[in-house]
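Subject: Structure for you to look at

Hello,

Here is the structure I said I would pass on. Please open it first and then read the notes underneath.

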2 protein chains.
Amino acid sequence: MKLHSFFNSSTSYRVRIALNLKGISFETLPVNIRTGEHRASAYVTDVNPSAAVPALIDDDFGLGQSLAIIDYLDQKFPEPRLIPEAIEKRARVLEFASLIACDIHPVNNLRILKYLDQVLEVSPEQKSAWYRHWVAEGMAGVERMLDRNNTGPWCFGEQVTLADVCLIPQIANALRMDCDLSAYKRSMRIFEHAGRHPAFAAAEPAKQPDYSK
Amino acid sequence: MKLHSFFNSSTSYRVRIALNLKGISFETLPVNIRTGEHRASAYVTDVNPSAAVPALIDDDFGLGQSLAIIDYLDQKFPEPRLIPEAIEKRARVLEFASLIACDIHPVNNLRILKYLDQVLEVSPEQKSAWYRHWVAEGMAGVERMLDRNNTGPWCFGEQVTLADVCLIPQIANALRMDCDLSAYKRSMRIFEHAGRHPAFAAAEPAKQPDYSK
């Protein structure tokens with residue numbers, strides 16, 4: 001398998017964790033989204049119509065969108081299952097993943113921050129307030145969900161799931177942007193737990209071949 | 001079943017389509033997101049920790065996040081299946097749905113437009129340009145995916161899927177905001193096809209009990 005990835009992209013980070021958890025070895029194909037490599041016409045036409053990272057290449061099947069990739073991996077390599085089969089638990093895990101993948105991450109990713117900077121010409125303080133605002137809104141929801149469902153060391157008990165795979169990169173991203181996350185106690189406890197797991201540790205941005213400061 | 005819904009919310013619209021396609025009757029519980037009813041503490045604590053619409057109530061199980069709800073309905077009421085089982089087709093449908101649900105809709109929803117207005121105090125022209133920019137970026141990706149995969153009257157052939165359930169509300173939303181979508185020929189052909197389907201027609205904002213101009 002090959003993964004088109006950018007070290008700091010939290011959607012790429014999700015897929016790296018999932019591949020590691022399933023013990024699937026993969027080659028990283030770096031795509032520098034800071035310099036716009038994800039918008040190059042060959043990439044968009046031949047690899048990923050979403051014009052984004054990540055994209056998984058499994059023989060001749062190429063697939064974009066992190067949640068679709070993780071579902072695909074879960075179908076093809078079901079051990080360990082990241083999306084549970086039991087109907088209500090499955091629903092809770094997908095609900096949690098959507099809160100991060102639809103409500104938090106998209107409004108704070110690189111293309112949005114660039115637009116705020118370059119088109120709307122907001123101040124650095126306004127950009128930072130924007131980022132912190134959506135993190136605070138979203139993480140409050142994450143904590144409410146964890147208050148309702150969290151029991152074990154992971155979001156949903158003793159088994160790691162897609163919820164953890166989405167939560168950890170989101171927290172790492174927010175910490176990198178200097179957000180104060182101390183109020184989100186369950187989330188931070190899960191983040192610390194994940195940091196000690198080799199599948200999560202090996203997926204960190206600083207461990208990637210394209211890492212740069 | 002009961003559905004907490006707002007007539008103009010395109011995520012609520014997705015779930016209404018899915019319920020109609022499966023022939024599940026439901027009671028609409030209107031939540032006015034313009035006046036902030038989705039942020040009321042009883043709603044957030046007891047109904048939907050995401051502090052958003054939609055939320056499905058199935059006996060004593062309440063679930064937020066439209067994609068999680070549709071997966072839940074697909075598990076519990078598999079006819080007709082909206083998320084295919086065949087591994088590569090399933091991946092393509094989820095990839096398409098994610099492009100809309102993660103890359104287009106979240107950056108243009110009401111809370112973002114309100115923040116642009118009220119906090120960043122952008123001009124009406126800047127707000128409109130923001131909306132059109134992300135629609136154009138996203139719809140270009142949608143068309144690239146359709147160019148690759150579309151054959152029949154729906155996004156993925158003869159059977160309606162989650163891809164159509166996500167695409168139609170997104171297009172309706174963009175048309176309401178006066179976006180020119182004439183370049184997206186496959187998308188618009190599917191939109192016109194869906195408009196003639198009773199499950200899609202009955203889910204339109206103007207047909208909802210809480211509709212207002």
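The notes below cover the two copies, one helix pair and one sheet.

Please keep in mind that this is a predicted model.

The two chains. A turn of 180 degrees and a shift of 0.0 Å along the axis lay chain B on chain A, with an RMSD of 0.0 Å. The two copies are thus related as by a two-fold rotation axis. In chain B, the residue that comes closest to this axis is B:C102, with its C-alpha at 2.4 Å. Of the interface residues of chain B, 100% are also interface residues in chain A, so the copies meet through the same surface.

The helix pair. In chain B, helix α4 (residues 87–104) and helix α6 (residues 124–149) have axes that come within 10 Å and cross at roughly 175 degrees. Angles over 145 degrees count as roughly antiparallel, and α4(B) and α6(B) are therefore roughly antiparallel to each other. Residues making the contact include B:F96, B:L99 and B:I100 from α4(B), and B:W134, B:V135 and B:M145 from α6(B). The contact residues of this pair divide into eight nonpolar, three polar and two charged.

The sheet. Chain A has an open sheet of four strands in the order β2-β1-β3-β4, with mixed pairing. β2 (27–30) and β4 (61–64) of chain A each have a single partner strand, so one side of each is left without a neighbour in the sheet. From one strand to the next, the twist averages 20 degrees. Strand β3 (residues 55–58) of chain A runs antiparallel to β4(A) and is joined to β4(A) by four bridges. A:A55 has A:G64 of β4(A) as its bridge partner.

Regards

Note on methods: Residues are numbered from 1 along each chain as its sequence is written. Chains are lettered from A and ligands numbered from 1 in the order in which they are written. This is a predicted model: local features need pLDDT of at least 70, side-chain atom pairs count only at pLDDT 80 or more; totals for chains, interfaces and linings use all residues. Axes are lines fitted to C-alpha atoms, for helices over the stretch in contact, and angles run from 0 to 180 degrees between N-to-C directions. Helices (H or I, at least four residues) and strands (E, at least two) are DSSP runs, numbered from the N terminus. Angles under 35 degrees count as roughly parallel, over 145 as roughly antiparallel, 65 to 115 as roughly perpendicular and the rest as oblique. Two residues are in contact if their C-beta atoms, placed from the backbone, lie within 7 Å. Ala, Val, Leu, Ile, Met, Phe, Trp, Tyr, Cys and Pro count as nonpolar, Asp, Glu, Lys and Arg as charged, and the others, Gly among them, as polar. Copies are superposed by least squares on the C-alpha atoms of residues with pLDDT of at least 70 in both. Two strands pair if DSSP finds at least two bridges between them.
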